[in-house]
Amino acid sequence: MLAFGAFFVDLVARVAPAASLLVALVTYTFQVALMALLFVAVRRADVLESDVERGWLGAGVIAGALVWSAVQLRASTTARLPVFDGPAGAASETPREGLVDRAEGGAG
């Protein structure tokens, strides 16, 4: 369920980047609402009859959310995405080269 939401948001971000935040928020809202409906259905069906089973369900949901968050954090920090576009023609000069030239007294 969560993987489908991430896939869908990624797809929208590629097609229409301006709409990606709105789609992400709507997708998250629907996922939370679906999870709440699932819990209501489980509670009404008396599938979880003891407190121990409810505790394990809660622990499983929390563990799943933490693992999912860790995977998303790892994926976003290791993605090699450009943050900005440099000026045209300056792709061959790195910022470090410009700093070294100025530090040595060059015109840079």
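S20 lies in helix α2, which spans residues 20–44. In this predicted model, a polar atom of the S20 side chain sits 2.8 Å from the backbone oxygen of P17. Beyond its neighbours within four places in sequence, S20 is in contact with three residues by name: V9, V12 and A13.

A second set of contacts involves F8. This residue belongs to helix α1, residues 2–15. With neighbours within four places in sequence set aside, F8 is in contact with V23 and T27. The pair F8 and V23 is separated by 15 residues in sequence. In space, the C-alpha atoms of F8 and V23 are 8.4 Å apart.

Is F8 buried, partly exposed or exposed? The relative accessible area of F8 is 35%. The buried class ends at 20% and the exposed class begins over 50%. F8 therefore counts as partly exposed. F8 also takes part in a nonpolar patch on the surface. The other members of that patch are F4, F7, L11 and V15. Together, the five residues F4, F7, F8, L11 and V15 have about 560 Å² of accessible area.

The overall fold was then examined. The protein has four helices and zero strands. Along the sequence, the pattern reads α-α-α-α. The chain counts 108 residues, of which 8% are buried. The exposed area of the protein is about 9,200 Å². Carbon and sulfur atoms supply 68% of that area.

Confidence varies along the chain. The mean pLDDT of the protein is 78. A value of 70 or more is reached by 77% of the residues. Confidence is highest in helix α2, at a mean of 89. This is the helix in which S20 is placed. Confidence is lowest in helix α4, residues 95–103, where the mean is 53. Where pLDDT is low, predicted coordinates should not be read in detail.

Note on methods. Residues numbered from 1 in each chain as written. Predicted model: local features only at pLDDT ≥ 70, side-chain atom pairs only at ≥ 80, totals over all residues. Heavy atoms only, no water. Patch = residues over 30% accessible without salt bridge, like charges linked within 9 Å, V, L, I, M, F, W, Y side chains within 5 Å. Areas by Shrake-Rupley, 256 points an atom, 1.4 Å probe, with all protein chains shown as cover. Salt bridge = Lys/Arg side-chain N within 4 Å of Asp/Glu carboxyl O. Helix = DSSP H or I, 4+ residues; strand = E, 2+ residues; numbered from the N terminus. Buried < 20%, exposed > 50% of the residue type's maximum accessible area, 1.4 Å probe, protein only. Polar contact = N/O pair within 3.5 Å; in protein donor to acceptor, adjacent residues only side chain to side chain. Contact = heavy atoms within 4.5 Å. pLDDT = per-residue confidence, 0-100.
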